[in-house]
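Work through the exercises below with the sequence and the model in view. Each task is followed by a solution in steps.

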Amino acid sequence: DFNTEVDDFFNMEFEEEEWQESLNKNPMMPWYEQVDACVATFPKLGNGPSDDDSVTGRLNGLKWLATYGEMLPAGVERILVMDATDLPELPLTNDDSNLPHGVDVEAFWEGKG
């Protein structure tokens, strides 16, 4: 019966997701044992969080990569996607006023995060 096969397929898929999510403590990273890259974005002005369109608010992707990047397996590439015109806004040092609190961006740029 076709409906039973479809139901079985989706039930199996959900069971696998639950199993894979239990592999890692962070729910944001359930399948990194199976992927080649982790991509974060630095959105253009006007495309950031609705409640905070500041540079700091738009740096959530970099904050995530710099904070959780050390937990990713060594083979996973850490990719930050942004428009080249926004490069002057990108924090390169930990004393940058736009850097979200608690982020060690210098370690990230050195490849430690």
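The exercises go from the overall fold to single residues, and the model they use is predicted.

**Exercise 1. The overall fold**

Task: State how many helices and strands the protein has, and give their pattern along the sequence.

Solution.
Step 1. The secondary structure consists of 4 helices and 2 strands.
Step 2. Along the sequence these elements follow the pattern α-β-α-α-β-α.
Step 3. The protein has 113 residues, and 28% of them are buried.
Step 4. Take the contacts between residues at least 6 apart in sequence: 59% of these join residues at least 24 apart.
Step 5. The accessible surface comes to about 7700 Å², and carbon and sulfur atoms hold 53% of that surface.

**Exercise 2. Helix H3**

Task: Find which residues of helix H3 are buried, and which elements they pack against.

Solution.
Step 1. Helix H3 covers residues 60-68.
Step 2. Its buried residues are Gly61, Leu62, Trp64, Leu65 and Ala66.
Step 3. These buried residues pack against strand S1 (37-42), S2 and H4.
Step 4. Take tryptophan 64 as an example from H3. Its relative accessible area is 15%, so tryptophan 64 is buried, the cut-off being under 20%.
Step 5. Tryptophan 64 and alanine 40 are 24 residues apart along the chain, and their C-alpha atoms are separated by 7.9 Å.

**Exercise 3. The salt bridges**

Task: Find how many salt bridges the whole structure has, and where the partners of each one lie.

Solution.
Step 1. The search of the whole structure gives 2 salt bridges.
Step 2. One of them joins the side chains of aspartate 86 and lysine 44, with an N to O distance of 3.7 Å. Aspartate 86 is in the loop between S2 and H4, and lysine 44 is in the loop between S1 and helix H2 (55-58), so this pair ties together parts that are 42 residues apart in sequence.
Step 3. Now compare the cover of the two partners. Aspartate 86 is buried because its relative accessibility is 7%. Lysine 44 has a relative accessible area of 34% and is therefore partly exposed.
Step 4. Another salt bridge is formed by arginine 58 and glutamate 89, whose closest N and O atoms are 3.0 Å apart. This pair also links distant parts of the chain: arginine 58 belongs to helix H2 and glutamate 89 to the loop between S2 and H4, 31 residues apart.
Step 5. Arginine 58 is buried, at a relative accessible area of 3%. Glutamate 89 is partly exposed, at 27% relative accessibility.
Step 6. Look again at aspartate 86. Apart from neighbours within four places in sequence, aspartate 86 is in contact with Phe42, Pro43, Lys44 and Arg58. That list includes lysine 44, its salt-bridge partner, and arginine 58, which has its own salt bridge with glutamate 89.

**Exercise 4. Valine 105 and leucine 92**

Task: Decide whether valine 105 is buried or exposed, do the same for leucine 92, and find what each residue touches.

Solution.
Step 1. Valine 105 is in helix H4, whereas leucine 92 is in the loop between S2 and H4.
Step 2. With a relative accessible area of 0%, valine 105 is buried.
Step 3. Leucine 92 has 55% relative accessibility and so counts as exposed, for which the cut-off is over 50%.
Step 4. The two residues are 13 apart in sequence, and their C-alpha atoms are 6.6 Å apart in space.
Step 5. Not counting residues up to four places away in sequence, valine 105 touches Leu62, Pro91, Leu92, Thr93, Asn94 and Leu99. Among these, Leu62 is one of the buried residues of H3.
Step 6. With neighbours within four places left aside, leucine 92 is in contact with Val105, Glu106 and Trp109. Leucine 92 and tryptophan 109 are 17 residues apart in sequence, with a C-alpha to C-alpha distance of 7.5 Å.

**Exercise 5. A charged patch**

Task: Name the residues that form a negative surface patch, and place aspartate 95 in the chain.

Solution.
Step 1. The negative patch is made up of Glu70, Asp95, Asp104 and Glu106.
Step 2. Aspartate 95 is in the loop between S2 and H4.
Step 3. Its relative accessibility is 67%, so aspartate 95 counts as exposed.
Step 4. Glu106, another residue of the patch, is also among the contacts of leucine 92.

Key:
Residues are numbered from 1 along each chain as its sequence is written. This is a predicted model: local features need pLDDT of at least 70, side-chain atom pairs count only at pLDDT 80 or more; totals for chains, interfaces and linings use all residues. Side-chain values use heavy atoms; hydrogens and water are left out. Buried means under 20% relative accessible area, exposed over 50%, partly exposed in between (1.4 Å probe, protein chains only). Contact means heavy atoms within 4.5 Å. Patches are made of residues with over 30% relative accessible area and no salt bridge: like charges are joined within 9 Å, nonpolar side chains (Val, Leu, Ile, Met, Phe, Trp, Tyr) within 5 Å. Accessible areas come from the Shrake-Rupley method with a 1.4 Å probe; for residues, only the protein chains shown count as cover. A salt bridge is a side-chain nitrogen of Lys or Arg within 4 Å of a carboxyl oxygen of Asp or Glu. Lys and Arg count as positive and Asp and Glu as negative; His and the chain ends are not counted. The place of a charge is taken as NZ of Lys, CZ of Arg, CG of Asp or CD of Glu.
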